[in-house]
Amino acid sequence: MTRTSHPISAVAASLNIPDDALLRYSHDKAKVDLDWLSSRPENDSKLVLVTAMSPTPAGEGKTTTSIGLADGLRRIGEEAVLALREPSMGPVFGMKGGATGGGKALLVPETDINLHFTGDFAAIAEANNLLVALVDNHIHHGNELGIDPRAVGLRRAIDVNDRTLRTIITSLGGRANGVVRETGFDITAASQIMAVLCLAESPDDLKDRLARIVIGDRFDGAEATVADLGVQGSLTAILTSALAPNLVQTLEGTPGFCARRAVREYCSRMQQHYRDEGSLGHGHNCDH
């Protein structure tokens with residue numbers, strides 16, 4: 001099957017998204033400006049939630065059903081917008097495989113979406129690992145906050161399935177390498193930065209939420225937070241672009257948001273451009 005796609009500007013135009021609200025990453029994928037999207041009023045539109053479904057051996061599960069449903073609604077004359085979670089790259093190379101559907105119920109460009117896409121996961125991993133590195137650096141250089149190295153709750157992140165990194169010992173090799181402690185890696189999608197990003201509604205909200213992340217316990221039993229380190233601004237700078245949703249399409253040209261936050265919000269704000277009886281195809285996986 002030849003897999004062709006419409007220019008992303010045409011997909012955006014079908015949603016009445018102006019050209020200056022698009023940040024193009026290629027001819028078939030773009031981000032939608034968060035300020036423009038947030039300025040749109042929410043509409044009381046219909047919502048179809050596809051979740052809690054185990055896939056068949058052929059891979060027919062939540063994503064395939066969501067894409068097929070959205071395409072089907074548009075085929076019968078309804079206006080539908082698809083919203084899916086942005087896939088983690090780690091499981092793509094495992095038994096689970098890709099997360100863009102299958103057959104003709106497919107989100108495109110599927111290879112890009114399954115791998116680096118628009119860099120959202122890279123930004124999350126970098127912000128997470130910067131924070132942990134700053135914590136270790138603070139402990140090494142005098143530990144003014146009195147953080148107990150044995151009670152640091154944050155772990156590093158990597159978007160690869162690697163069981164050997166689940167529990168590790170860091171800072172071996174002498175005093176110059178920091179304070180030895182037990183820690184580990186989580187897959188990026190399971191990191192605390194990931195969770196905070198999913199809840200944030202704006203850069204300011206993201207910064208406030210990052211500031212409240214608990215690093216760990218102090219020797220006196222009190223909690224130490226990101227705000228105590230004063231690095232929430234740096235983390236926000238890395239993550240701001242990841243807040244904006246990614247706009248792609250299905251093989252049949254159905255618009256699709258592929259993002260890690262508030263997929264229902266994106267659809268309801270776009271639905272205002274459609275007639276009242278229009279329905280939403282909303283796919284949200286819960287297997288992370």
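**Group meeting: cores, surface and salt bridges**

Arg166 is partly exposed, with 48% relative accessible area. I begin with this residue, and I should say at once that the model under discussion is predicted. Arg166 sits in the loop that connects β8 (156-158) to β9 (168-170). Setting aside neighbours within four places in sequence, Arg166 contacts Arg155, Thr183, Gly184 and Phe185. Asp186 is 20 residues away from Arg166 in sequence, with a C-alpha to C-alpha separation of 6.7 Å.

Let me now turn to the overall picture. The protein has 288 residues, and 50% of them count as buried. Its secondary structure comprises 10 helices and 16 strands. If we take contacts between residues at least 6 apart in sequence, 68% of them join residues at least 24 apart. The protein exposes about 13,600 Å², of which carbon and sulfur atoms supply 51%.

One part of that surface deserves a remark. Ile169, Leu172 and Val180 make a nonpolar surface patch of about 290 Å². Within this patch, Ile169 belongs to strand β9. Is Ile169 buried or exposed? The residue falls between the two: Ile169 is partly exposed, because its relative accessible area is 46% and the partly exposed class lies between 20% and 50%.

I move next to the interior. In soluble globular proteins, nonpolar side chains tend to be buried together. Here, the largest nonpolar core has 30 residues, and those touching the most other members are Leu131, Val135, Leu154, Ile193, Leu206, Leu210 and Ile215. Two or more residues of this core come from each of α5 (120-140), β7 (147-152), α6 (192-199), α7 (203-211), α8 (226-229) and α9 (232-243). Which element gives the largest share? That is α5, with 7 residues. Apart from this core lies another, of 14 residues, which includes Val11, Ile17, Val32 and Leu37.

To return to Leu131, its contacts beyond four places in sequence are Leu154, Ile193, Val226, Leu229, Val231 and Leu235. Thr236, for its part, is located in helix α9. Thr236 counts as buried because its relative accessibility is 8%, below the 20% limit. Beyond four places in sequence, Thr236 is in contact with Pro203, Leu206, Lys207 and Leu210.

Finally, I come to the charged side chains. Side chains of opposite charge can pair when their charged atoms come close. The structure holds 11 salt bridges. In one of them, Asp19 pairs with Arg24, and the closest N and O atoms are 2.3 Å apart. Arg24 is partly exposed, at 41% relative accessibility.

A second salt bridge joins Asp112 and Lys29, at 2.8 Å from N to O. This pair links distant parts of the chain, 83 residues apart: Asp112 lies in helix α4 (residues 110-114) and Lys29 in strand β2 (residues 29-32). Asp112 is partly exposed at 30% relative accessibility, whereas Lys29 is buried at 7%.

A third salt bridge is formed by the side chains of Asp120 and Lys31, at 2.9 Å from N to O. Asp120 is in helix α5 and Lys31 in strand β2, so this pair ties together parts that lie 89 residues apart in sequence. Both Asp120 and Lys31 are buried. What joins Asp136, Arg156 and Arg181 into one network? They are joined by salt bridges that share partners.

Terms used
Residues are numbered from 1 along each chain as its sequence is written. This is a predicted model: local features need pLDDT of at least 70, side-chain atom pairs count only at pLDDT 80 or more; totals for chains, interfaces and linings use all residues. Side-chain values use heavy atoms; hydrogens and water are left out. Helices (H or I, at least four residues) and strands (E, at least two) are DSSP runs, numbered from the N terminus. Buried means under 20% relative accessible area, exposed over 50%, partly exposed in between (1.4 Å probe, protein chains only). Contact means heavy atoms within 4.5 Å. Accessible areas come from the Shrake-Rupley method with a 1.4 Å probe; for residues, only the protein chains shown count as cover. Patches are made of residues with over 30% relative accessible area and no salt bridge: like charges are joined within 9 Å, nonpolar side chains (Val, Leu, Ile, Met, Phe, Trp, Tyr) within 5 Å. A salt bridge is a side-chain nitrogen of Lys or Arg within 4 Å of a carboxyl oxygen of Asp or Glu. A nonpolar core is a set of buried Ala, Val, Leu, Ile, Met, Phe, Trp, Tyr and Cys residues joined through side-chain atoms within 4.5 Å.
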